[in-house]
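Hi everyone, thanks for coming. Today I'd like to walk you through one structure, from its core out to its surface.

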Amino acid sequence: MSALVIQRAMLLRCKAIKEGPALVQNAYKHLGVSPTLSHTLNRSPSLLGISPFSSLSFGPQKVSNNLTPGSSFVSVRRPHLPQTMQTRQKSIFEHRWFHPEPKPGEPPKQSYRVFWTMTIFLGAFSAAYLQWVAPYLQERNAASGAAVTGAAALANAEPVFDKDKFQDYTIKSIKPYNANTKLFTFATPQGQATNLSVASALFARPAEGAENVPLNDKGEPVVRWYTPVSDAGVPGEFTLMIKRYDDGKLTPYIHSLKEGDKLAFKGPIKKFAYKANEFEQVGLIGGGSGITPLYQIVRHALKDKSNTTKFTLLYGNLTEDDILLRRELDELKRQHPRTFDVVYFVDKKTTGDKEVQSGFIGIKDVKAYLPDPKVAGSKVKVFVCGPPGQMQAISGTKAGMKQGELSGALKEAGFIEEQVYKF
């Protein structure tokens with residue numbers, strides 16, 4: 001309370017100097033000062049004895065003020081100050097900078113400094129959030145999600161597949177991708193992740209006891225291999241992208257299945273053992289559903305922040321609508337413009353899409369987009385996967401499970417067998 005009275009006294013002095021004795025007299029009445037001082041109010045304000053050099057002493061019930069010579073001693077009981085006399089803490093927006101005083105003779109002007117100050121402040125805060133805070137939170141959440149996924153996958157490390165025996169797996173969901181391609185998601189038996197190595201494939205055939213099973217020339221169920229397009233670390237399921245070929249033996253049967261039906265798998269078939277940054281440049285040439293192992297490699301490599309390998313994909317299809325995984329490939333290109341590029345080719349171009357070229361992938365395209373094999377040497381690798389006709393034209397077909405002799409456009413461009421891998 002003592003500090004409050006000091007503050008009031010100093011305020012009275014300022015008001016006295018500025019506004020004159022009449023205002024001071026009225027203020028003293030509010031404070032309950034004896035009217036015996038009224039004769040002093042007609043004098044100069046300096047005679048009031050409230051100079052900064054005055055000696056003020058305060059007791060619990062009264063205020064003592066040593067007046068200047070000629071004044072009388074006053075004892076004042078501590079009054080209850082009216083609301084109008086109490087000082088409140090001013091807002092920062094009441095500062096003179098936000099409300100500049102007008103020049104003498106000019107009326108007050110509306111100031112927009114508060115609006116623009118808040119606008120600039122909020123803009124700077126939003127920019128800082130998007131630049132630093134949001135990416136940090138996103139990375140932290142991604143790391144947390146990866147840790148949870150990894151923990152869930154490790155919680156049950158039982159192998160999902162048997163490399164020697166077919167086992168039945170239930171279809172969880174079927175999602176159409178385009179007119180002739182569907183995404184089939186299968187449940188793992190104990191909710192574990194597949195943990196397949198990069199570009200590993202699975203043998204598939206109709207489940208035991210299934211009806212209308214397609215048979216080969218030997219009267220046995222038709223078997224084909226497929227590469228999952230899902231992340232191998234996701235627990236509980238794996239996904240295959242399967243394109244229907246009207247002249248195919250197994251794909252029409254698979255496309256006739258419904259959710260809850262089963263398909264048998266065994267494996268995995270380990271393909272190329274990819275190692276991070278083993279090559280400076282990697283070429284990928286694919287066609288149709290042959291994109292799946294190529295997609296597995298490039299997605300796996302680009303997830304690694306230490307990757308320095310430059311990937312170039314040449315992908316051929318019949319029409320623009322037949323291009324598989326285009327959304328995913330375009331997103332990878334957007335995220336990794338320095339280390340990944342994709343060029344689309346179609347046999348029959350039906351749109352004005354500038355990102356798609358018309359025609360087959362040939363030797364001129366190999367020379368235009370892939371590195372010079374003689375200059376790159378062992379630092380380049382080309383992966384090829386597609387229908388038999390394309391394989392024959394680009395690299396030559398495989399000899400069973402072996403790579404077979406290199407031929408086609410790659411050989412004509414100067415590549416050697418050690419620089420090429422056929423899926």
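I'll take the core, then the aromatic rings, then the charged pairs, and finish on the surface.

A quick word on what we're looking at. This is a predicted model, in which local features need pLDDT of at least 70 and side-chain atom pairs count only at pLDDT 80 or more, while totals for chains, interfaces and linings use all residues. Residues are numbered from 1 along each chain as its sequence is written, and side-chain values use heavy atoms, with hydrogens and water left out.

Let's begin inside. The largest nonpolar core has 34 residues. By nonpolar core I mean a set of buried Ala, Val, Leu, Ile, Met, Phe, Trp, Tyr and Cys residues joined through side-chain atoms within 4.5 Å. Buried is under 20% relative accessible area, exposed is over 50%, and partly exposed is in between, with a 1.4 Å probe and protein chains only. Which residues have the most contacts inside this core? They are I291, F311, L313, L329, F340 and F383. At least two core residues come from each of β10, α5, β11, α6, β12 and β14, and α5 gives the most, with seven. Those helix and strand names are DSSP runs, numbered from the N terminus (helices are H or I, at least four residues; strands are E, at least two).

Now the rings. A pair of aromatic rings is described by the distance of the centres and the angle of the planes. Here, rings of Phe, Tyr and Trp (its six-membered ring) pair if their centres lie within 6.5 Å; planes under 30 degrees apart are stacked, over 60 edge-to-face, and the rest tilted. How many aromatic pairs does a search of the whole structure find? It finds 15.

Take Y169 and F265 as one of them: the ring centres are 5.8 Å apart and the planes are at 65 degrees, so this pair is edge-to-face. The two residues are 96 apart in the chain, with Y169 in strand β4 and F265 in strand β9. Are they buried or exposed? Y169 is buried at 2% relative accessible area, and F265 is buried too, at 0%. Both belong to an aromatic cluster with F161, F186 and F238.

Another pair is F272 with F383, edge-to-face because the planes stand at 80 degrees, with centres 5.0 Å apart. This one links the loop between β9 and β10, where F272 lies, to strand β14, home of F383, across 111 residues. F272 counts as buried at 15% relative accessibility, and F383 as buried at 0%. You'll remember F383 from the list of residues with the most contacts in the core.

Some rings also meet a charge. The rule is that NZ of Lys or CZ of Arg lies within 6 Å of the ring centre and within 35 degrees of the ring normal. K271 has its charged end over the ring of W225, 4.3 Å from the centre. R326 does this with Y344, at 4.7 Å from the ring centre.

R326 brings us to the salt bridges. A salt bridge here is a side-chain nitrogen of Lys or Arg within 4 Å of a carboxyl oxygen of Asp or Glu, and the count comes to nine. R326 pairs with D330 at 3.4 Å, N to O. Why are they about one helical turn apart? Because they are four residues apart in helix α6. R326 is buried, at 18%, whereas D330 is partly exposed, at 31%. Add D353, and the three are linked in a salt-bridge network.

D341 and K333 form another bridge, with the closest N and O atoms 3.2 Å apart. Both ends are partly exposed: D341 at 24% and K333 at 28%. A longer link along the chain is D231 with K303, at 3.1 Å; D231 sits in the loop between β7 and β8, K303 in helix α5, 72 residues apart.Last stop, the surface. M118, F121, L122, F125, Y129, L130, W132 and V133 make a nonpolar patch of about 870 Å². Patch residues have over 30% relative accessible area and no salt bridge; like charges are joined within 9 Å, and nonpolar side chains (Val, Leu, Ile, Met, Phe, Trp, Tyr) within 5 Å. The areas come from the Shrake-Rupley method with a 1.4 Å probe, and for residues only the protein chains shown count as cover. Within the patch, L130 lies in helix α3 and is exposed, at 61%.

Thanks, everyone!
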